[in-house]
Amino acid sequence: MGKDKKTLELDKYESGVIFHSLNEKRNQMLKEGRATDAVDDILLKVIALMETPEKGKRRRNCHEER
């Protein structure tokens, strides 16, 4: 595959759909005894993006006063 990169903007719901779809595909491939390397790589990227706070929003530390 080439090194060309594409950017896809997703809201929280859409990224959840992508995550669950990839996870289902991975589970299906595992049942079939197929390698999941490519799906694993993409799944990890999606998880990392889902854990990144949105611009302009700050995660609240559980020890901060409200």
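This is a short talk on how two helices and the loop between them fit together in one protein model.

Okay, hi everyone. Before anything else, keep in mind that this is a predicted model. The secondary structure is quick to describe: two helices and zero strands. The protein has 66 residues, and 14% of them count as buried. For the surface people, the accessible area is about 6700 Å², with carbon and sulfur atoms holding 52% of that. And on contacts: if you take those with a separation of 6 or more, 30% are between residues 24 or more positions apart.

So, the helix pair. H1 covers residues 12-31 and H2 covers residues 37-51. How do H1 and H2 pack? Their axes are 10 Å apart, at an angle of about 155°. Anything over 145 degrees counts as roughly antiparallel, so that is the label for H1 relative to H2. The handedness of the crossing, if you want it for your notes, is left-handed.

Who makes the contact? On the H1 side, the list includes Ser15, Ile18, Phe19, Leu22, Arg26 and Met29. Gly16 of H1 is in there as well. Over on H2, you have Val39, Asp40, Ile42, Leu43, Val46, Ile47 and Met50.

Let me zoom in on a few of these. Serine 15 sits in H1, and at 13% relative accessibility serine 15 is buried, because the cut-off is under 20%. Skipping the neighbours within four places in sequence, serine 15 is in contact with Leu10, Val46 and Met50.

Next, methionine 29, also a residue of helix H1. Is methionine 29 buried or exposed? Buried, with a relative accessibility of 8%. Leaving out residues up to four places away in sequence, methionine 29 touches Arg34, Ala35, Thr36 and Val39. If you want a backbone distance to check on screen, the C-alpha atoms of methionine 29 and valine 39 are 9.4 Å apart, and those two residues are ten apart along the chain.

One of those partners, threonine 36, belongs to the loop between H1 and H2. Threonine 36 is buried, at 8% relative accessible area. Beyond its neighbours within four places in sequence, threonine 36 contacts Arg26, Met29 and Leu30.

Now the charges. How many salt bridges does a search of the whole structure find? Two. One of them pairs aspartate 40 with arginine 26, and the closest N and O atoms are 2.5 Å apart. That pair joins distant parts of the chain: aspartate 40 is in H2, arginine 26 is in H1, and they are 14 residues apart. Both residues are also on the helix contact list I just went through. Arginine 26 has 24% relative accessibility, so it counts as partly exposed.

The other salt bridge is between the side chains of arginine 34 and glutamate 32, at 2.9 Å from N to O. Both ends are partly exposed here: arginine 34 has a relative accessible area of 42%, and glutamate 32 has 45%.

To wrap up, the picture is H1 and H2 roughly antiparallel, methionine 29 buried in H1, threonine 36 buried in the loop between the helices, and a salt bridge from aspartate 40 to arginine 26. That's what I had, thanks.

Key
Residues are numbered from 1 along each chain as its sequence is written. This is a predicted model: local features need pLDDT of at least 70, side-chain atom pairs count only at pLDDT 80 or more; totals for chains, interfaces and linings use all residues. Side-chain values use heavy atoms; hydrogens and water are left out. A salt bridge is a side-chain nitrogen of Lys or Arg within 4 Å of a carboxyl oxygen of Asp or Glu. Helices (H or I, at least four residues) and strands (E, at least two) are DSSP runs, numbered from the N terminus. Buried means under 20% relative accessible area, exposed over 50%, partly exposed in between (1.4 Å probe, protein chains only). Contact means heavy atoms within 4.5 Å. Accessible areas come from the Shrake-Rupley method with a 1.4 Å probe; for residues, only the protein chains shown count as cover. Axes are lines fitted to C-alpha atoms, for helices over the stretch in contact, and angles run from 0 to 180 degrees between N-to-C directions. Angles under 35 degrees count as roughly parallel, over 145 as roughly antiparallel, 65 to 115 as roughly perpendicular and the rest as oblique. A crossing is left-handed if the near helix is turned anticlockwise from the far one by less than a right angle, and right-handed if clockwise.
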